Amino acid sequence: MGMIRFIKEEIKVIRERDPAIHSNMEVFLYPSFKAMVYYRISHKLYKKHHYFLARWISQKGAHKTGIEIHPGAKIGKGFFIDHGHGVIIGETAVIGDNVTLYQGVTLGGTGKEHGKRHPTLGNNVMVSAGAKVLGSFSIGENSKIGAGSVVLEEVPPNSTVVGVPGRVVKRGNVSVPREDMNQVDLPNPVQEDIQNLQRANAELINRLLDLENEMRLLRKGRGVDEKREECVNSQSGETDDTI
């Protein structure tokens with residue numbers, strides 16, 4: 001991709017996904033734009049086996065932008081990092097087209113194993129602020145990772161993941177357009193579990209109250225029967241005395 005074409009694509013992507021931008025010239029101030037310039041250069045050097053020079057350029061970019069992208073990572077078209085400080089993308093990470101990351105996101109590995117050890121993100125994936133995706137597995141296309149989530153296993157397409165560790169909440173096979181940048185209105189399985197427990201607890205309390213009422217009625221009935229029996233016994237005793 002030529003530099004002019006790259007700049008035009010970056011302007012289009014940033015204007016599409018960031019409402020804070022007011023002019024095309026502002027694109028040159030974005031950390032995401034600067035980080036991608038450093039990445040494109042270092043990635044070309046990495047593919048030509050100039051590893052030291054590639055890492056030197058990528059580290060220079062990391063110091064300037066706060067975004068650390070390993071030159072070995074593979075990144076598709078339409079990639080955007082909003083704000084970006086603290087973003088880390090590992091060497092064997094693979095990122096599809098039209099992916100959005102927010103500040104503090106880590107696409108990392110889980111150990112010192114060799115080979116593929118970082119995640120693969122499908123097309124149109126959004127990873128919200130502070131989320132960690134750790135390990136060699138895939139995040140299906142059109143999926144959302146909620147803020148602060150820690151994802152440790154594969155995510156099917158068209159899914160939403162929230163929590164620590166991340167839990168998949170199915171949303172059906174409805175594609176998430178890349179313009180949808182909503183990080184807030186996500187399902188909360190922990191809250192749903194708490195609400196289910198509260199409902200179950202309320203039902204249990206109601207059943208206990210019903211049982212207490214039944215026991216109270218049984219005791220009252222037993223007391224009436226005992227009094228009735230005492231009256232019958234006393235009457236029969238008086239009849240015997242009369243005879």
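This short presentation goes through a predicted model of a single chain, from its overall make-up to a few individual residues.

Good morning, colleagues. I shall begin with confidence. The average pLDDT of the chain is 83, and 82% of the residues reach at least 70. Confidence varies along the chain: the highest mean, 95, belongs to strand β5, residues 94-95, and the lowest, 75, to helix α4, residues 189-242.

Next, the overall composition. The chain has 243 residues, of which 39% count as buried. Its secondary structure consists of four helices and 15 strands. Among contacts with a separation of 6 or more, 36% link residues 24 or more positions apart. The accessible surface amounts to about 14600 Å², and carbon and sulfur atoms contribute 56% of that area.

I turn now to the sheets. One open sheet contains five strands, arranged β1-β4-β7-β10-β13 with parallel pairing. Its edges are β1, residues 68-69, and β13, residues 150-151; each has a single partner strand, so one side of each lacks a neighbour in the sheet. At the β13 edge, two bridges in the parallel sense connect that strand to β10, residues 132-134. There, valine 133 has valine 151 of β13 as its bridge partner.

Another open sheet has four strands in the order β2-β5-β8-β11, and here too the pairing is parallel. Which strands stand at the edges of this sheet? They are β2, at 74-75, and β11, at 138-139; each has a single partner strand, and therefore one side of each is without a neighbour in the sheet. Strand β8, residues 120-121, is joined to β11 by two bridges, and the two run parallel. Within this pair, leucine 121 lies opposite isoleucine 139 of β11.

Let me now consider three residues, starting with leucine 107. This residue belongs to strand β7, which covers residues 106-108. Is leucine 107 buried or exposed? Its relative accessibility is 0%, so leucine 107 counts as buried. Beyond residues up to four places away in sequence, leucine 107 touches Ile88, Ile89, Gly90, Ile95, Leu101, His118, Pro119, Leu121 and Val133. Two of these have already appeared: Leu121 in the pairing with isoleucine 139, and Val133 in the bridge to valine 151. The C-alpha atoms of leucine 107 and valine 127 are 9.8 Å apart, with their positions 20 residues apart in sequence.

The second residue is aspartate 18, which sits in the loop between α1, residues 3-17, and α2, residues 31-47. Its relative accessible area is 10%; because this is under the 20% cut-off, aspartate 18 is classed as buried. Which residues does aspartate 18 contact, once neighbours within four places in sequence are set aside? They are Tyr30, Phe80 and Asp82. Phenylalanine 80 is 62 residues away from aspartate 18 along the chain, while their C-alpha atoms are separated by 9.6 Å.

The third residue is phenylalanine 52, located in helix α3, residues 51-65. With a relative accessible area of 69%, phenylalanine 52 is over the 50% cut-off and is therefore exposed. Together with Leu53 and Trp56, Phe52 makes a nonpolar surface patch of about 380 Å².

To conclude, the three residues may be set side by side. Leucine 107 is buried at 0%, aspartate 18 is buried at 10%, and phenylalanine 52 is exposed at 69%. Thank you for your attention.

Conventions: Residues are numbered from 1 along each chain as its sequence is written. This is a predicted model: local features need pLDDT of at least 70, side-chain atom pairs count only at pLDDT 80 or more; totals for chains, interfaces and linings use all residues. Side-chain values use heavy atoms; hydrogens and water are left out. Patches are made of residues with over 30% relative accessible area and no salt bridge: like charges are joined within 9 Å, nonpolar side chains (Val, Leu, Ile, Met, Phe, Trp, Tyr) within 5 Å. Accessible areas come from the Shrake-Rupley method with a 1.4 Å probe; for residues, only the protein chains shown count as cover. A salt bridge is a side-chain nitrogen of Lys or Arg within 4 Å of a carboxyl oxygen of Asp or Glu. Buried means under 20% relative accessible area, exposed over 50%, partly exposed in between (1.4 Å probe, protein chains only). pLDDT is the predictor's confidence in each residue, from 0 to 100. Two strands pair if DSSP finds at least two bridges between them. Contact means heavy atoms within 4.5 Å.
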